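Colleague: Could we go through this model together, taking the charged pairs, the nonpolar packing, the aromatic rings and the sheet in turn?

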Amino acid sequence: MRTLLITGPGGSGRTTVAAATALAAARDGVRTLVLSADRTDTLGAVLGAATGAEPVTVAPDLTAWRPDAAAGFRADLAAFQDRAANVLDLLGAARLDAEELTPLPGAEELALLRALRDAALSERFDLLVVDLPPAPQALALLALPAELRRYLRRLLPPERQAARALRPVLGRLAGVPMPAEWLYETAARWDVELAAVEAVVADPGTAVRLVAEPGPAGADAVRAAALGLAVRALPVESLVATRVLPEAPADSWQASLAAQQRKALDEWRETYAVHPAAHLGRDPRGPDDLTALALPAAAPAPTPAAWPVTDEIAGDGVLVWHIPLPGALRDELDLVRRGDELVLTAGPFRRIVPLPSALRRCTVEGAALREGELRIRFAPDPALWPRER
């Protein structure tokens with residue numbers, strides 16, 4: 001199974017591109033599911049068929065699904081209240097009824113992640129096309145599973161579960177209540193669910209299709225999104241340029257705008273596989289309009305975003321970790337070594353990355369940014385590095 005994530009700046013036509021991509025794949029005989037997290041049925045309006053809380057077949061080999069965030073939120077909170085019943089009763093807390101619950105901000109995105117996990121585990125589809133929020137929110141959403149798992153491991157370390165028999169004794173000695181069994185069980189269940197989502201995002205078959213309108217604003221948005229995706233090690237499969245105008249007479253008001261678009265397209269083609277989508281003169285609606293956009297299905301196999309380590313010990317005495325960061329600026333880069341992890345900050349994007357095993361036995365010698373690639377030099381620590389006999 002493959003996953004194609006669709007994102008770009010707000011108002012760029014992401015949902016339309018997701019629908020057109022999914023339809024093109026389905027017409028090639030690929031079993032395709034298109035997912036969206038919008039509260040309103042924008043996806044259904046574009047496809048020409050209503051979508052909702054349950055997957056619905058909108059064309060041969062094409063299924064659309066818009067998960068119900070409210071229902072999922074109510075079910076999760078009800079289950080949490082059941083598991084925490086003893087604690088809530090001890091505190092004298094009144095339970096919330098399902099009828100009075102409304103989704104909190106971010107519930108739609110969490111519902112989308114859960115639907116992505118469920119669709120991947122079902123093995124019913126060959127391709128998942130995911131209509132993500134605008135790029136800044138999408139990047140934060142894609143980082144969420146890994147970040148939450150890290151928080152859970154720090155707050156409730158799994159290895160402490162081995163001491164469950166000693167908790168009552170430890171509680172009396174410390175004078176404070178120890179974490180209850182249900183809390184560890186809940187954390188373990190969340191960790192499994194988050195790991196499944198993280199596995200889909202990190203899978204070699206997952207790539208991103210960027211969407212933007214060619215022009216200065218679109219170019220800035222693509223540049224920022226590409227850097228954020230590089231920090232997450234997510235490959236860009238292609239770039240869809242939307243609302244591309246046809247050639248216009250020199251004295252037409254469209255001439256300068258068309259020239260501006262052509263300049264942006266030429267620059268994008270130097271880096272990406274670009275698919276221009278013509279301006280139809282109206283908002284695309286229905287299969288015929290989606291077909292007129294002439295967008296291709298997902299590429300056969302994305303090129304993984306590699307972060308290789310090269311051995312230069314014989315020459316310079318170091319190992320070099322190569323991290324592609326297109327568009328990164330030297331003044332906006334920050335690196336911090338924390339034990340066996342690297343805290344990488346590039347502009348507004350931040351990620352905590354486990355060090356490759358060989359680099360954990362090294363000390364950081366320095367780093368340099370050259371031609372869109374961060375190169376971090378590690379020197380073997382004599383106290384930890386195996387010596388030659």
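What follows is an exchange of questions and answers on this predicted model.

Colleague: How many salt bridges does the structure hold?

Modeller: Side chains of opposite charge can pair when their charged atoms come close. The cut-off applied here is a side-chain nitrogen of Lys or Arg within 4 Å of a carboxyl oxygen of Asp or Glu. By this rule, the count of salt bridges is 15.

Colleague: Which residue forms a salt bridge with Glu193, and in which helix does that partner lie?

Modeller: The closest N and O atoms of the pair are 3.8 Å apart, and the partner of Glu193 is Arg114. The pair links distant parts of the chain, 79 residues apart, with Glu193 in helix H8 (residues 181-202) and Arg114 in helix H5 (residues 107-122). The partner asked for is therefore Arg114, and its helix is H5.

Colleague: Are Glu193 and Arg114 buried, exposed or partly exposed?

Modeller: Buried requires under 20% relative accessible area and exposed requires over 50%. Glu193 has a relative accessibility of 24%, so it falls in between, and Arg114, with 31%, does so as well. Both Glu193 and Arg114 therefore count as partly exposed.

Colleague: What separates Asp220 and Arg223 along their helix, and what is the N to O distance of their salt bridge?

Modeller: Because Asp220 and Arg223 are three residues apart in helix H9 (residues 216-231), about one helical turn separates them. Asp220 is partly exposed at 45% relative accessible area, and Arg223 is likewise partly exposed at 44%. In their salt bridge, the closest N and O atoms are apart by 2.9 Å.

Colleague: In which helix do Arg269 and Asp266 lie?

Modeller: The side chains of Arg269 and Asp266 meet in a salt bridge, with 3.6 Å from N to O. Arg269 is partly exposed at 43% relative accessibility, and Asp266 is partly exposed with a relative accessible area of 48%. The two residues are three residues apart, about one turn of the helix, and both belong to helix H10 (residues 254-269).

Colleague: Which residues are joined into one network by salt bridges that share partners?

Modeller: Glu193 has already appeared as a salt-bridge partner of Arg114. Salt bridges that share partners join these two with further residues into one network, whose members are Arg114, Arg117, Asp118 and Glu193.

Colleague: How many residues does the largest nonpolar core have, and which helix gives the largest share of it?

Modeller: Among the residues with the most contacts inside this core are Leu35, Leu132, Trp268 and Trp321. Leaving aside residues up to four places away in sequence, Leu132 touches several others, including Leu5, Ile6, Leu112 and Leu142. The core has 61 residues, and its largest share, eight residues, comes from H9.

Colleague: Is the pair of Trp307 and Trp321 stacked or edge-to-face?

Modeller: A pair of aromatic rings is described by the distance of the centres and the angle of the planes. The ring centres of Trp307 and Trp321 are 6.0 Å apart, and planes over 60 degrees apart count as edge-to-face. With its planes at 65°, the pair is therefore edge-to-face.

Colleague: Which residues form one aromatic cluster?

Modeller: Trp321 also pairs with Phe378, with ring centres 6.5 Å apart and planes at 55°, so this pair is tilted. The tilted pair links distant parts of the chain, 57 residues apart, with Trp321 in strand S10 and Phe378 in strand S15 (residues 373-380). Trp321 and Phe378 are buried, and the one cluster consists of Trp307, Trp321 and Phe378.

Colleague: Which strands are the edge strands of the open sheet in the order S11-S12-S13?

Modeller: The three strands of this sheet pair in antiparallel fashion, and the twist from one strand to the next averages 15°. Six bridges join strand S12 (residues 341-346) to S13, and Ala346 stands opposite Phe349 in S13. Each edge strand pairs on one side only, and the edge strands are S11 (333-338) and S13 (349-354).

Colleague: Which helix packs on the sheet and touches S12 and S13, and what angle does its direction make with that of S13?

Modeller: Helix H6 (residues 135-155) lies across S11, S12 and S13, running at about 45° to S13. The helix that packs on the sheet and touches S12 and S13 is H9, and its direction makes with that of S13 an angle of about 15°.

Definitions and conventions:
Residues are numbered from 1 along each chain as its sequence is written. This is a predicted model: local features need pLDDT of at least 70, side-chain atom pairs count only at pLDDT 80 or more; totals for chains, interfaces and linings use all residues. Side-chain values use heavy atoms; hydrogens and water are left out. Helices (H or I, at least four residues) and strands (E, at least two) are DSSP runs, numbered from the N terminus. Buried means under 20% relative accessible area, exposed over 50%, partly exposed in between (1.4 Å probe, protein chains only). A nonpolar core is a set of buried Ala, Val, Leu, Ile, Met, Phe, Trp, Tyr and Cys residues joined through side-chain atoms within 4.5 Å. Contact means heavy atoms within 4.5 Å. Rings of Phe, Tyr and Trp (its six-membered ring) pair if their centres lie within 6.5 Å; planes under 30 degrees apart count as stacked, over 60 as edge-to-face and the rest as tilted. Two strands pair if DSSP finds at least two bridges between them. Axes are lines fitted to C-alpha atoms, for helices over the stretch in contact, and angles run from 0 to 180 degrees between N-to-C directions.
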